[in-house]
Amino acid sequence: MTWWLHTRRTVLLTIVTAGFWTVTLVLVNTSLPLPQLGGATSANVPFVLFAPLAPAVALNACYGTPTPVEATAVRRVAALDSLLALAVVAATAAVAAPVAAGWISGVDGFLAESAVRNLACYTGLALIGRTALGNHASTAIPTLLALTVSVFGYGPGQAAHWWAWPAAQPSDVLSSAGSAALLVIGLYRTARGDFPRHS
């Protein structure tokens, strides 16, 4: 376990995730005016569309490239990797819960919920990409999604298009269910690394 904690750079991941929480709570009500090519002339893109990229990308970076010893390890390393990803999302949900409940004044609870949903979405995409494309290329997938949504994701009246899940309202069922599904698929594909490989 000590070896796994060291190779997964969990201290670095904890620092990045805690920094994400701090910055999000401070800047959760902040938005960036960006030009739009998706129907709107411009849109105020909320900070929480980009902020969850930090822990999602850091998670993949902390996984690193699998070492040869992992292939013969007795412990289920891939299952531990899945639990680490789940822990990051669950801890973020726990931090956002009092904000969403209105216990912290001056912070938009809906945006806090969006931060959790977007983290689940980006983490799921990064995990899926890691198993399909490799560790380094996978971080580009959630980043490209965030950039695409920020420029093409808004229609007239700054309403998010149906596919622009990170820009949708927290009450949007499709974005919440889709993000949760991406996370579950990513966790499953990661944990499959422990399954026996048939030749």
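This report describes the fold, the nonpolar core, two of the helices and one loop of a predicted model.

**Overall make-up**

The chain has 199 residues, and 43% of them count as buried. It holds nine helices and two strands. Read from the N terminus, the order of elements is α-α-β-β-α-α-α-α-α-α-α, with the two strands following the second helix. Contacts between residues at least 6 apart in sequence are mostly long-range: 72% of them join residues at least 24 apart. The accessible surface of the chain is about 10,100 Å², and carbon and sulfur atoms account for 70% of that area.

**The nonpolar core**

In soluble globular proteins, nonpolar side chains tend to be buried together. The largest nonpolar core of this chain contains 42 residues. Within this core, the residues that touch the most other members are Leu13, Leu49, Leu59, Tyr122 and Tyr154. At least two core residues come from each of helix H2 (10–27), strand E2 (42–46), helix H3 (53–63), helix H5 (77–100), helix H6 (109–133), helix H8 (140–152) and helix H9 (173–191). The largest share is that of H6, which supplies ten residues.

Leu59 shows how such a residue is surrounded. Apart from neighbours within four places in sequence, Leu59 is in contact with Leu13, Leu84, Ala85, Val88, Thr123 and Leu127.

**Helices H5 and H6**

The table sets out the length of each helix beside the span expected at 1.5 Å a residue.

| Helix | Residues | Expected span | Span between end C-alpha atoms |
|---|---|---|---|
| H5 | 24 residues | 34 Å | 34 Å |
| H6 | 25 residues | 36 Å | 35 Å |

For H5, the expected and actual spans agree; for H6, the reach is close to the expected value. H6 is mostly covered, with 19 of its 25 residues buried. The buried residues of H5 include Val77, Ala78, Leu80, Asp81, Ser82, Leu84, Ala85, Val88 and Val89, and also Thr92, Ala96 and Val99. An α-helix has 3.6 residues a turn, so residues three or four places apart point the same way. Among the buried residues of H5 are Leu84 and Val88, and both are also in contact with Leu59.

Each of the two helices is followed by a glycine with positive phi. After H5 comes Gly102, with phi near 85°. After H6 comes Gly134, with phi near 105°.

**How H5 meets H9**

Two packed helices are described by the angle between their axes and the distance between the axes. H5 and H9 pack at about 155°, and their axes are 7 Å apart. Angles over 145 degrees count as roughly antiparallel, and H5 and H9 are therefore roughly antiparallel to each other. On the H5 side, the contact is made by Ala78, Ala79, Asp81, Ser82, Ala85, Leu86 and Val89; on the H9 side, by Leu183, Leu187, Thr190 and Ala191. Ala85 of H5 takes part in this contact and is also in contact with Leu59.

**The loop between H8 and H9**

Gly157 lies in the loop between H8 and H9. Its relative accessibility is 79%, so Gly157 counts as exposed. Gly157 and Ala43 are 114 residues apart in sequence, but their C-alpha atoms are 8.6 Å apart in space.

Gln158 is also found in the loop between H8 and H9. Although Gln158 is not a glycine, its phi is positive, near 60°. Gln158 has 32% relative accessibility and so counts as partly exposed.

Note on methods:
Residues numbered from 1 in each chain as written. Predicted model: local features only at pLDDT ≥ 70, side-chain atom pairs only at ≥ 80, totals over all residues. Heavy atoms only, no water. Core = buried A, V, L, I, M, F, W, Y, C linked by side-chain atoms within 4.5 Å. Buried < 20%, exposed > 50% of the residue type's maximum accessible area, 1.4 Å probe, protein only. Helix = DSSP H or I, 4+ residues; strand = E, 2+ residues; numbered from the N terminus. Contact = heavy atoms within 4.5 Å. Expected span 1.5 Å × (residues − 1). Areas by Shrake-Rupley, 256 points an atom, 1.4 Å probe, with all protein chains shown as cover. Axes fitted to C-alpha atoms, helices over the stretch in contact; angles between N-to-C directions. Parallel < 35°, antiparallel > 145°, perpendicular 65-115°, else oblique.
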